[in-house]
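I sat down with this one to write a few notes while clicking through it. Sequence and model go in first, then my entries.

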Amino acid sequence: MAYLTGLVVRVSDQNKFEEDWESFARQMFLDSGATTARVAQNVMGGDAAGEINIACTWDSLDLAMRAPGDLRKKQEMVESMQASGVQTLRRSLMLIDAERGVHEGEFLSMLVASGDQIDPATMEANADAFWAHMQSGANGIMWCRGLAAGPLNGLYVALTSADSADLLMATSATAFADAAIQQRMAGQNTQMVGRAMMRVIG
């Protein structure tokens with residue numbers, strides 16, 4: 001299994017935060033066992049606008065669980081958090097169900113949906129169906145389920161990476177207008193419950 005963790009923070013000095021992320025903080029997460037680490041800021045997301053999301057993928061839940069405590073023991077990390085005024089808001093754990101493409105690009109869409117719990121084969125079929133539409137306007141999509149994620153528990157989350165938010169939204173509209181996609185969603189009782197638009201900053 002593969003997992004996605006999200007550490008959501010607010011900062012008082014974003015420039016300092018971004019500088020430290022690029023110079024050493026990202027590598028610290030990778031050294032703790034994360035397979036990938038990136039930072040995105042919520043630009044359009046209601047009350048969550050302005051929040052910064054540190055998203056990491058893991059092949060081991062043991063490593064993901066140990067990482068927060070291990071990182072707090074590193075003096076350089078402690079000093080960086082104090083200097084940039086980091087305020088931790090929440091942490092989330094999700095199970096990665098499927099992936100397509102590559103997770104690169106300036107923009108990130110987080111789409112949240114409720115629906116029936118589905119088996120791995122159906123999830124893969126869903127991913128193929130959506131990716132057939134979205135690959136013309138997106139670089140990659142990761143489909144997850146909230147495991148220990150507060151209000152996202154049990155919900156499905158699709159994270160879509162793109163170079164253009166305009167193209168991403170146009171492609172998304174075309175996908176959701178497709179009758180076959182609508183039928184697939186209806187058959188699984190899928191209901192959209194939220195969306196946030198983010199900009200990748202590190």
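**Helix 4, length.** How many residues does helix 4 have, and how far does it reach from its first C-alpha to its last? I find 15 residues, 120–134, and a reach of 20 Å. At 1.5 Å a residue I'd expect 21 Å, so the helix comes out close to that. Note to self: this is a predicted model.

**Helix 4, start.** I looked for a cap at the N-terminal end and found aspartate 119 doing that job. One of its side-chain oxygens sits 3.1 Å from the backbone nitrogen of alanine 121.

**Helix 4, buried side.** Which residues of helix 4 are buried? My list reads Met123, Asn126, Ala127, Ala129, Phe130, Trp131 and Met134. A reminder for reading that list: an α-helix has 3.6 residues a turn, so residues three or four places apart point the same way. Next I checked what covers these buried residues, and the cover includes strand 4 (87–101), strand 6 (140–148) and strand 7 (156–162). Helix 5 (165–177) and helix 6 (179–187) also belong to that cover.

**Aromatic pairs.** I searched the whole structure and got two aromatic pairs. One is tryptophan 21 with phenylalanine 29, tilted, with 5.6 Å centre to centre and 50° between the planes. Both tryptophan 21 and phenylalanine 29 are buried. The other pair is phenylalanine 130 with phenylalanine 176, edge-to-face, at 5.9 Å centre to centre and 65° between the planes.

Why does the pair of phenylalanine 130 and phenylalanine 176 tie together parts that are apart in sequence? Because phenylalanine 130 lies in helix 4 and phenylalanine 176 in helix 5, the pair links parts 46 residues apart.

Are the two rings' residues buried or partly exposed? Phenylalanine 130 has a relative accessible area of 14%, and buried means under 20%, so I mark it buried. Phenylalanine 176 is at 24%, so it goes down as partly exposed.

**Barrel.** I traced the strand order next: eight strands close into a barrel as 1-3-2-8-5-7-6-4, with antiparallel pairing. From one strand to the next the twist averages 35°.

**Strand 8 and its neighbours.** How many bridges join strand 5 to strand 8? I get eight, between residues 107–114 and residues 191–200, with the strands running antiparallel. Leucine 111 has arginine 195 of strand 8 as its bridge partner, and valine 112 has glycine 194. Strand 2 (residues 36–44) is joined to strand 8 by four bridges, also antiparallel. There, asparagine 42 stands opposite methionine 198 of strand 8.

**Helix 5.** I wanted to know what helix 5 lies across, and the answer is strand 5, strand 7 and strand 8. Helix 5 runs at about 160° to strand 8. I also clicked on alanine 173, which is in helix 5. Alanine 173 counts as partly exposed, since its relative accessibility is 48%. From its C-alpha to that of isoleucine 96 I read 24 Å, with the two positions 77 residues apart along the chain.

**Loop before strand 8.** Where is asparagine 189 found? It sits in the loop between helix 6 and strand 8. Its phi is near 55°, a positive value in a residue other than glycine. With 45% relative accessibility, asparagine 189 is partly exposed.

Terms used. Residues are numbered from 1 along each chain as its sequence is written. This is a predicted model: local features need pLDDT of at least 70, side-chain atom pairs count only at pLDDT 80 or more; totals for chains, interfaces and linings use all residues. Side-chain values use heavy atoms; hydrogens and water are left out. Helices (H or I, at least four residues) and strands (E, at least two) are DSSP runs, numbered from the N terminus. Buried means under 20% relative accessible area, exposed over 50%, partly exposed in between (1.4 Å probe, protein chains only). Contact means heavy atoms within 4.5 Å. A polar contact is a pair of N or O atoms within 3.5 Å; within protein, one must be able to donate a hydrogen and the other to accept it, and residues adjacent in sequence count only if both atoms are side-chain atoms. Rings of Phe, Tyr and Trp (its six-membered ring) pair if their centres lie within 6.5 Å; planes under 30 degrees apart count as stacked, over 60 as edge-to-face and the rest as tilted. Two strands pair if DSSP finds at least two bridges between them. Axes are lines fitted to C-alpha atoms, for helices over the stretch in contact, and angles run from 0 to 180 degrees between N-to-C directions.
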